[in-house]
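Open the model in your viewer and keep the sequence panel beside it. This tour tells you what to select at each stop.

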Amino acid sequence: MARVLVVDDDPAILEILSAYLTRGGYEVVQARDGLEAESALGGVDVAILDWMLPGQSGLELTRHARAHYPNLPLLLLTARGGEEDRVRGLRLGADDYVVKPFSPREVVARVEALLRRANVRDVLTLGPLVIAAQARTVSLSGEPLNVSRTEFELLLTLARHRGTALSRERLLDRVWGADFAGTERVVDVNIQMLRRKLGDDPEAPTFIETVRGYGYRFRDGDAGGVP
């Protein structure tokens with residue numbers, strides 16, 4: 001189930017979009033300001049951002065999201081309908097744009113379209129490692145790896161946000177779900193199993209780094225990791 005972040009300071013808009021998205025089969029995460037949204041960006045599949053937010057504008061949040069999560073589909077909501085405003089939002093990194101007042105059904109349809117486009121290019125090639133999200137396969141140096149469903153989701157989540165440290169709590173929520181009754185230790189156990197299959201030395205990792213006291217990070221090529 002795809003997870004959608006809805007960011008708006010208007011409770012009525014949050015509730016109506018959440019209701020339509022939930023009815024459409026999506027899991028919804030809500031945020032009412034930019035700071036709250038920033039902490040949620042790493043665990044969602046698409047983000048709907050209001051232009052006018054308290055403390056941090058939707059444009060600033062768009063710029064931040066594009067810098068840290070370059071493959072995350074972004075949809076801007078705004079009362080600004082002028083061509084100059086639309087162009088500005090798109091140039092800052094938004095993938096689509098909806099002007100208020102809007103039809104909730106149209107927003108859901110645009111989310112569906114954004115996810116379809118994201119899936120078309122959703123084969124991650126990270127040096128010798130290839131992750132195909134739709135086919136749900138992993139290969140290393142051309143050889144297929146036998147990974148469990150959980151290991152695949154964990155690896156894909158880390159790889160999609162390479163270069164960004166993800167906490168154990170966020171990984172637990174993203175991979176196992178908010179209703180999971182276990183502890184964060186399950187994240188460490190599955191990381192160990194993934195590392196064995198990847199041939200990854202935790203002391204000198206090629207792929208998955210430990211961020212001590214916090215969580216894990218998939219190494220970015222710019223940081224000297226995966227080429």
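The stops below run from the whole chain to single strands and residues.

**Stop 1: the whole chain**

Bear in mind that this model is predicted. Show the protein chain as a cartoon. You should find eight helices and 12 strands. Now orient the view along the principal axes. The C-alpha atoms fill a box of roughly 50 × 35 × 30 Å. Does the radius of gyration agree or disagree with that of a compact globule? It agrees, because a compact globule of 227 residues would have a value near 17 Å and the protein chain has 18 Å.

Switch on the surface. The accessible surface comes to about 11,100 Å². Carbon and sulfur atoms make up 49% of that area. Of the 227 residues, 48% count as buried.

Next, think about contacts along the chain. Take those with a sequence separation of 6 or more: 55% of them link residues 24 or more positions apart.

Color by charge before moving on. There are 29 positive and 33 negative charges, and their mean positions are 3 Å apart.

**Stop 2: strand β3**

Select residues 46–50, which form strand β3. How many of the five residues in β3 are buried? Five of the five are, so the strand is largely enclosed by the rest of the structure.

Show the side chains. In a regular strand, side chains alternate between the two faces of the sheet. Here V46, I48 and D50 point one way, while A47 and L49 point the other way. D50 is buried along with the others.

Now add the partners. Select residues 3–7 for strand β1, which pairs with β3 in the parallel sense over four bridges. Find L5: it stands opposite A47 in β3. Then select residues 74–78 for strand β4. This strand also pairs with β3 in the parallel sense, over four bridges. Look for L75 in β4, the bridge partner of I48.

**Stop 3: the open sheet**

Strands of a sheet pair through backbone hydrogen bonds, either parallel or antiparallel. This stop shows antiparallel pairing, in an open sheet of three strands ordered β10-β12-β11. Select β10 (166–167) and β11 (208–211). Both are edge strands, and each pairs on one side only.

Select residues 215–218 to bring up β12, which is joined to β10 by two bridges. For one facing pair, pick S167 and look across to G215 in β12.

**Stop 4: P104 in helix α5**

Select residues 104–120 for helix α5, and find P104 in it. Is P104 buried or exposed? Its relative accessible area is 13%, so P104 is buried.

Show what surrounds this proline. Leaving aside neighbours within four places in sequence, P104 is in contact with I16, L17 and Y20. Now draw a C-alpha to C-alpha distance from P104 to R23. The two are 81 residues apart in sequence and 11 Å apart in space.

**Stop 5: N190 in helix α8**

Finish with residues 185–198, helix α8, and pick out N190. N190 counts as buried because its relative accessibility is 7%, and the cut-off for buried is under 20%.

Which residues does N190 touch, apart from those up to four places away in sequence? Show T150, E151, L154 and W176 as sticks: these are its contacts.

Notes
Residues numbered from 1 in each chain as written. Predicted model: local features only at pLDDT ≥ 70, side-chain atom pairs only at ≥ 80, totals over all residues. Heavy atoms only, no water. Rg over C-alpha atoms; globule rule 2.2 N^0.38 Å. Buried < 20%, exposed > 50% of the residue type's maximum accessible area, 1.4 Å probe, protein only. Contact = heavy atoms within 4.5 Å. Areas by Shrake-Rupley, 256 points an atom, 1.4 Å probe, with all protein chains shown as cover. Lys, Arg positive; Asp, Glu negative; His and termini not counted. Charge placed at Lys NZ, Arg CZ, Asp CG, Glu CD. Pairing = 2+ DSSP bridges.
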